[in-house]
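Student: I would like to take a close look at a single part of this model. Please describe one helix and its surroundings in a connected account.

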Amino acid sequence: MRRSHATTVSLLAALILAACTNAKDVLEPSAIAPQSTQAVPTPGSGTAATPTAPATTTQPSATAQPSATTQPSATAQPATELPAKSAAVIARTRLQVAPIVGASVEAATPLTAQLQTRAKQRGITLAGSAGQTPTHVLKGYFSTMSEGKDTTVIYVWDVYDPAGNRLHRINGQQKAPSVNDGEGWAAVAPETMQAIADQTIDQFATWLGGQAG
């Protein structure tokens, strides 16, 4: 009986001690497990890494429009070719000046002389001597008009081929102060007729050059 009572007391003591021990474990702060947090796995661990949000891709700037391509200009003939052709045409030209129509002898004389001078300067041969067949014939028609103290010379030149076909026309007028207090041809100075001669040969040479193309 006494031994059963001792055994019972020993069991009760053991239960109380075990209860106290469990209570101590519960009350120890170290026994409280911290809340689990999502840890970043280290390289090589078996846990798959949580994917991070992809970096924002910078949109490429608008592609700059290519600069306008300059279209090649039409192929032009070499700069030396046309002048060479013009010179060749002029060199072959034999110009004959027909008698002037409408101008007085006094006015026609300085005109004819300057035509010869200017033609020589431009490389144009005047066909006047025997054996020279003209390639072009120049026929001039003149008139005057006096207004106040000025006199205007009006002129027309027709260019013909040897067969009599008209190829070109040159026309114009030259205004200058009247001389000698006269009217008509008497009021026209020689310098006025010389200026007309220069303009005539220059325009004729320009036309010839245009025929080279």
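**Helix α4 and its surroundings**

Tutor: The model is predicted. A convenient place to begin is the pairing of two strands: β4, residues 150–160, runs antiparallel to β5, and 11 bridges join them. Within this pair, Asp150 stands opposite Pro177 of β5. Both strands belong to an open sheet of 5 strands with mixed pairing, in the order β2-β1-β3-β4-β5. The edges of this sheet are β2 (125–126) and β5 (166–177), each of which pairs on one side only.

Helix α4 spans residues 190–211 and includes Thr192. Leaving aside residues up to four places away in sequence, Thr192 touches Val153, Gln174 and Ala176. Of these contacts, Val153 lies in β4 (residues 150–160), while Gln174 and Ala176 lie in β5 (166–177). Thr192 counts as buried because its relative accessibility is 8%, under the 20% cut-off.

Helix α4 also meets another helix, α3, which comprises residues 105–121. The two axes come within 8 Å and cross at roughly 35°, and the crossing is right-handed. From α3, the residues in contact are Ala107, Pro110, Leu111, Gln114, Leu115, Arg118 and Ala119. Their counterparts in α4 are Pro190, Met193, Gln194, Ile196, Ala197, Asp198, Thr200, Ile201 and Asp202. By class, this contact has 10 nonpolar, 3 polar and 3 charged residues.

Taken together, α4 meets α3 through the residues listed above, and Thr192 of α4 touches Val153, Gln174 and Ala176.

Technical notes:
Residues numbered from 1 in each chain as written. Predicted model: local features only at pLDDT ≥ 70, side-chain atom pairs only at ≥ 80, totals over all residues. Heavy atoms only, no water. Helix = DSSP H or I, 4+ residues; strand = E, 2+ residues; numbered from the N terminus. Buried < 20%, exposed > 50% of the residue type's maximum accessible area, 1.4 Å probe, protein only. Contact = heavy atoms within 4.5 Å. Pairing = 2+ DSSP bridges. Axes fitted to C-alpha atoms, helices over the stretch in contact; angles between N-to-C directions. Left-handed = near helix turned anticlockwise from the far one by under 90°. Nonpolar A, V, L, I, M, F, W, Y, C, P; charged D, E, K, R; others polar.
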